[in-house]
Amino acid sequence: MKKERKNYLDEMKEQQLLHIEKNGCWIAFWGLFIVMQIQTFTEGEFLGKQSMGEWLVFMILALYLVIACIRRGIWSRNLKPNATTNLIASLIAGVVIGAVFGIKAYIDYDSFAGAIATGVVIFIGIFFSCFITLSLSAAILKKRNAKLENEEDDIQKAAVCEETEENV
């Protein structure tokens with residue numbers, strides 16, 4: 001049996017702490033992303049020996065956030081898990097990452113045509129990878145939400161049955 005620790009925070013302080021932790025999580029997430037992009041430009045290679053630690057932490061954090069949200073049936077506060085959202089997010093990811101690698105290719109090889117080709121190839125790969133991943137995640141989320149709703153319905157039905165039995 002798990003022993004619960006005493007919480008010395010009132011509800012307002014608890015909410016403030018959750019807000020601080022949320023901000024810290026996102027600062028770490030985007031900070032790692034930016035650091036990896038800077039290292040891509042300064043080290044001369046993507047995921048060199050120096051950046052493997054950052055990449056590992058970034059991926060663990062990203063996977064944790066995705067898995068934890070899907071387990072609880074959460075997609076986003078502001079976005080719906082649909083094809084339009086997936087398309088827009090995939091386009092943004094493809095353009096940003098394609099541009100980063102296109103610029104990197106231009107800096108490394110001083111070839112505009114090669115940089116454009118690199119950017120386009122990376123864009124296509126990232127776009128389709130993101131779109132497929134987001135679409136699969138949305139499908140899993142929808143199944144998970146249906147399961148969670150069925151569980152809630154079962155709990156409510158059981159509570160109603162108990163209540164009617166007590167009244168009889």
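How much space lies in the largest pocket? In this predicted model, the largest pocket holds about 2,200 Å³ of space. The tour below begins with the overall fold, returns to the pocket, and then moves to individual residues.

**Stop 1: the whole chain**

Display the chain as a cartoon. It contains four helices and zero strands, and the order of elements from the N terminus is α-α-α-α. Colour the residues by accessibility next: of the 168 residues in the chain, 21% count as buried.

**Stop 2: the largest pocket**

Return to the pocket with about 2,200 Å³ of space. Select Trp 26, Phe 29, Ala 62, Val 66 and Leu 134, which are the closest to the pocket centre among its 44 lining residues. Then select the helices around them: α1 (11-43), α2 (52-71), α3 (83-109) and α4 (112-167) are the elements that give two or more residues to the lining. Which helix provides the largest share of that lining? Helix α1 does, with 12 residues.

Colouring the lining by residue class shows its chemical character. The lining comprises 31 nonpolar residues, nine polar residues and four charged residues.

**Stop 3: the salt bridge in helix α3**

Side chains of opposite charge can pair when their charged atoms come close. A search of the whole structure finds one salt bridge. Select Lys 104 and Asp 108 to see this pair, whose closest N and O atoms are 2.8 Å apart. Why are these two residues separated by about one helical turn? The reason is that Asp 108 and Lys 104 are four residues apart in helix α3.

Is Lys 104 buried or exposed? Lys 104 counts as buried because its relative accessibility is 7%, and the cut-off for buried is under 20%. Its partner Asp 108 is partly exposed, with a relative accessible area of 37%.

Keep Asp 108 selected and add Phe 41. These residues are 67 residues apart along the chain, and their C-alpha atoms are separated by 9.1 Å.

**Stop 4: the loop after α3**

Move along the chain to Asp 110, which is placed in the loop between α3 and α4. Asp 110 counts as exposed, at 60% relative accessibility. Inspect its backbone as well: phi of Asp 110 is near 50°, a positive value in a residue other than glycine.

**Stop 5: the nonpolar surface patch**

Switch to a surface view and select Tyr 106, Phe 112, Ile 116, Val 120, Ile 124, Phe 128, Ile 132 and Leu 136. Together these residues form a nonpolar patch on the surface with about 800 Å² of accessible area. Which helix gives the most to the patch? Helix α4 does, with seven residues.

Ile 116 may serve as an example from this patch. Ile 116 lies in helix α4 and counts as partly exposed, at 44% relative accessibility.

**Stop 6: two further pairs**

Select Ala 28, which is found in helix α1. At 35% relative accessibility, Ala 28 counts as partly exposed. Add Phe 58 to the selection and draw a C-alpha to C-alpha distance: Ala 28 and Phe 58 are 8.4 Å apart in space and 30 residues apart in sequence.

Finally, select Lys 80, placed in the loop between α2 and α3. Is Lys 80 buried or exposed? With a relative accessibility of 62%, Lys 80 counts as exposed. Adding Ala 138 gives the last pair of the tour: Lys 80 and Ala 138 are 58 residues apart in sequence, with a C-alpha to C-alpha distance of 9.0 Å.

Notes:
Residues numbered from 1 in each chain as written. Predicted model: local features only at pLDDT ≥ 70, side-chain atom pairs only at ≥ 80, totals over all residues. Heavy atoms only, no water. 1 Å grid on protein atoms, 1.4 Å probe; cavity = no way out; pocket = protein on both sides within 12 Å on 5 of 7 lines; lining within 4 Å. Points joined across faces, edges and corners; volume = space filled by probe spheres on them. Nonpolar A, V, L, I, M, F, W, Y, C, P; charged D, E, K, R; others polar. Salt bridge = Lys/Arg side-chain N within 4 Å of Asp/Glu carboxyl O. Buried < 20%, exposed > 50% of the residue type's maximum accessible area, 1.4 Å probe, protein only. Patch = residues over 30% accessible without salt bridge, like charges linked within 9 Å, V, L, I, M, F, W, Y side chains within 5 Å. Areas by Shrake-Rupley, 256 points an atom, 1.4 Å probe, with all protein chains shown as cover.
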